[in-house]
Amino acid sequence: MAAADLIPVNIVTGFLGSGKTTLLQRLLTFPELANTAVLVNELGEVGLDHLLLRHVDETTVVLPSGCVCCALRADLTAAIRDLYSKRERGTIPRFDRLIIETTGFADPAPIIFTLMAEPVLRHHFRVGHVVTTVDAVNGTRHLAQHPESVKQVAVADRVVLTKTDLAGRAQAEALRTACRRLNPAAPIFEPAVHPIEPDQLFTGDPADPSGTREEARRWLEAAAAATPPEMAAGHVGSHDRDVYAFSVTVDRALDWTAFGIWLTMLLGAHGEDVLRVKGLLEVVGVPTPVAIHGVQHLVHPPVHLDGWPTADRGTRLVFIVRKLPRQVIERSLAAFNRLAALGERVA
Amino acid sequence: MCGLCGVFGTEAHWTDAARPDSGSGAPPGGWTRRRERLHRVGLANKVLKHYGLTLADWNGNCFVLRSRTGRSAIVQHLAALWPVAERMAGRRCDPLDPALIAAVERE
C-alpha cells in the first residue's frame with residue numbers, strides 16, 4: 001500500500017493548559033474533519049463532543065534497548081487496533097484521519113515510534129503532522145523550566161500559539177522568538193489573530209504529495225534562517241537554551257550509502273539529543289531531491305520529490321539538537337561523504 | 001522466512017530506500033542491489049576498522065560483523081549495526097569523535 005493510502009495520524013500535543021482541547025474542539029467543527037477519529041489521553045476541563053472519541057490510559061512498554069523515544073505505547077497500540085478493527089467491521093464510521101491528543105507532559109516520540117514500528121499499525125496508518133500548542137501567557141516559563149515543553153516544540157511540524165490575546169505584546173513576541181529559535185521549520189499560527197483552518201495544520205506531511213514540495217521550500221527558508229548555535233549555546237541554565245537549530249550544507253552531492261552509515265551512527269550515539277532532523281538531499285545518481293525527516297532515533301521513509309522547490313540545489317539539513325556542535329556535525333558528514341567519493345564504487 | 005536457514009524476512013529500513021536504483025526502470029549506471037550492498041560493506045569497513053571490526057554481506061540478506069578475536073554477530077541493517085559494534089568494540093561508536101573524524105579524513 002502506498003504511503004498516501006494509509007490513514008494519517010496527527011498528534012496534538014502541548015504543555016498543561018496550553019489549549020489542545022480548545023483547538024481540537026474548534027477544528028472538529030470543520031466538515032473536512034467530519035470523518036476524524038480522536039484519541040485523548042486525559043479528559044480535560046474542556047469536553048470534546050465528538051462521535052468518534054476514545055480515551056486511553058497511558059501505558060508505555062520500554063523496549064530492551066532502554067531508549068525512551070523507542071518505547072512502544074501499549075495503550076495506544078490497543079486503542080488504535082481496536083478503532084481500526086471496528087472501522088473495518090463497520091461498527092463505527094469509516095474514519096479517514098486519526099488525531100491523538102496527548103497529555104501535557106507527554107513525549108510525542110514514543111507515539112511516533114509506535115505508529116512507525118508496531119507491526120499491524122504501520123500497515124494501516126502513517127504519521128502526519130505533529131501540532132504543538134504553546135500558551136502565550138505561560139509558554140516562556142514552561143520552556144525554561146520543563147524539558148517536556150521544549151521537546152514538544154522541537155518535534156512540532158506546526159506550532160499554535162494560544163492565548164496571545166491575553167498575553168502582553170512583549171510576552172507574545174518573546175515566545176514567538178523562542179519557538180522560531182527552537183524550531184525554525186515549523187510555521188507558527190495564532191488563532192486569536194487569524195482563525196486556523198484544518199488544511200493549514202494537516203496538509204503537506206511527508207507522505208502527502210499535495211504539499212510536500214511547498215513544505216520542502218519552507219525547510220530551505222528555515223535552514224537559511226536557523227540561529228547559529230554559537231549564539232544560542234552561549235546561554236546555559238534553562239532547558240530551552242540547551243536546544244537550538246542549525247543548518248548543515250555539504251559541498252558535493254551525497255552518496256546515499258555514506259549518508260546512511262553516517263546518520264545511523266549519529267542517531268545511535270546521539271539520538272536522544274537529535275530532537276529533529278529534516279533535509280533535502282542531492283543524492284549521487286538521483287536527478288530529483290530526496291526529502292529526509294527524523295525525530296530522535298526514528299527516521300521516516302525518505303521521499304523522492306518530483307523536482308527542486310527552488311532554483312538553488314544542493315544538500316541542506318536542518319538539525320534541532322540538544323548541545324551538539326554544528327561544526328563537528330558538518331565536518332563529520334563531509335568526511336564520511338568524501339570517503340565514498342574517494343572510494344570503492346565497485347566498477 | 002528462508003526455508004534453508006530459518007531466517008525471517010526482514011523489514012525494510014530507511015537506508016534501503018532512495019537508493020540510486022529505487023523507482024522504476026533500469027538503475028543509472030547499472031547500479032544493482034548486489035552492487036549497493038558491496039558498496040555499503042566497503043564503506044562501513046572503512047569506518048569499522050577504527051574499532052577493529054569488519055563487516056561482510058551474508059547472502060544479500062543481512063550482514064555479519066566480526067571482531068579480531070573471532071566474535072561474530074548477525075545484523076539486519078545499518079541502524080542495528082552500531083549497538084552491536086559498540087558491544088564488540090567495548091567503546092562508543094561516535095561519528096562526532098574527533099579521532100574517528102581525523103581517521104576517516106586520512107582515508
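I take helices as DSSP runs of H or I of at least four residues, numbered from the N terminus. I note at the outset that the model I am reading is predicted.

**Entry 1. A pair within one helix**

I looked up A:Arg326 and A:Glu330 and found that their side chains meet in a salt bridge, N to O 3.0 Å. Both belong to helix α12 of chain A, residues 326-342, and because they are four residues apart in that helix, about one helical turn separates them. I then checked the accessibility of A:Glu330: its relative accessible area is 21%, so this residue is partly exposed, the limit for buried being under 20%.

**Entry 2. Pairs that join separate elements**

I next turned to B:Arg37, which forms a salt bridge with B:Asp57; their closest N and O atoms are 2.9 Å apart. B:Arg37 lies in helix α1 of chain B and B:Asp57 in strand β1 (residues 53-58) of chain B, so this pair ties together parts 20 residues apart in sequence. I recorded B:Arg37 as buried, because its relative accessibility is 7%.

In chain A, I found a salt bridge between the side chains of A:Asp107 and A:Lys151, at 2.6 Å from N to O. This pair links distant parts of the chain, 44 residues apart: A:Asp107 sits in the loop between β6 (97-101) and α3 (108-117) of chain A, and A:Lys151 in helix α5 (residues 147-154) of chain A. Is A:Lys151 buried or exposed? I entered A:Lys151 as buried, because its relative accessibility is 9%.

The helix that carries A:Lys151 is mostly covered, with six of the eight residues of α5(A) buried. Among the buried residues of α5(A) I noted A:Val150, A:Lys151, A:Gln152 and A:Val153.

I also listed A:Arg87, A:Glu88 and A:Arg94, which are linked in a network of salt bridges. Over all chains, the count comes to 20 salt bridges.

**Entry 3. The interface of chains A and B**

How many salt bridges cross the interface of chain B and chain A? I found one. B:Glu105 forms a salt bridge with A:Arg331, and the closest N and O atoms are 2.9 Å apart. I counted eight residue pairs in polar contact between chain B and chain A, with both residues at pLDDT 80 or more.

On the side of chain B that touches chain A, the elements giving two or more residues are α1 (33-48), α2 (78-89) and α3 (98-106) of chain B. The largest share of that side comes from α1(B), with ten residues. By class, I recorded 21 nonpolar, five polar and ten charged residues on the side of chain B that touches chain A.

The contact takes 40 residues from chain A and 36 residues from chain B. The area buried between the two chains is about 3,300 Å², and carbon and sulfur atoms give 70% of that area.

**Entry 4. Nonpolar cores**

Which residues touch the most other members of the largest nonpolar core? I found A:Phe259 and A:Phe319, in a core of 55 residues. Helix α11 (residues 256-270) of chain A gives the largest share of this core, nine residues.

I then listed the contacts of A:Phe259, leaving aside its neighbours within four places in sequence. They are A:Leu254, A:Leu281, A:Ile292, A:Leu317, A:Leu333 and, from chain B, B:Trp14. Apart from the largest core lies another, of 26 residues, including A:Ile80, A:Ile111, A:Leu121 and A:Val130.

Definitions and conventions:
Residues are numbered from 1 along each chain as its sequence is written. Chains are lettered from A and ligands numbered from 1 in the order in which they are written. Side-chain values use heavy atoms; hydrogens and water are left out. Contact means heavy atoms within 4.5 Å. Buried area is the accessible area (1.4 Å probe) that two parts lose on being put together, summed over both. A salt bridge is a side-chain nitrogen of Lys or Arg within 4 Å of a carboxyl oxygen of Asp or Glu. A polar contact is a pair of N or O atoms within 3.5 Å; within protein, one must be able to donate a hydrogen and the other to accept it, and residues adjacent in sequence count only if both atoms are side-chain atoms. Ala, Val, Leu, Ile, Met, Phe, Trp, Tyr, Cys and Pro count as nonpolar, Asp, Glu, Lys and Arg as charged, and the others, Gly among them, as polar. A nonpolar core is a set of buried Ala, Val, Leu, Ile, Met, Phe, Trp, Tyr and Cys residues joined through side-chain atoms within 4.5 Å. Buried means under 20% relative accessible area, exposed over 50%, partly exposed in between (1.4 Å probe, protein chains only).
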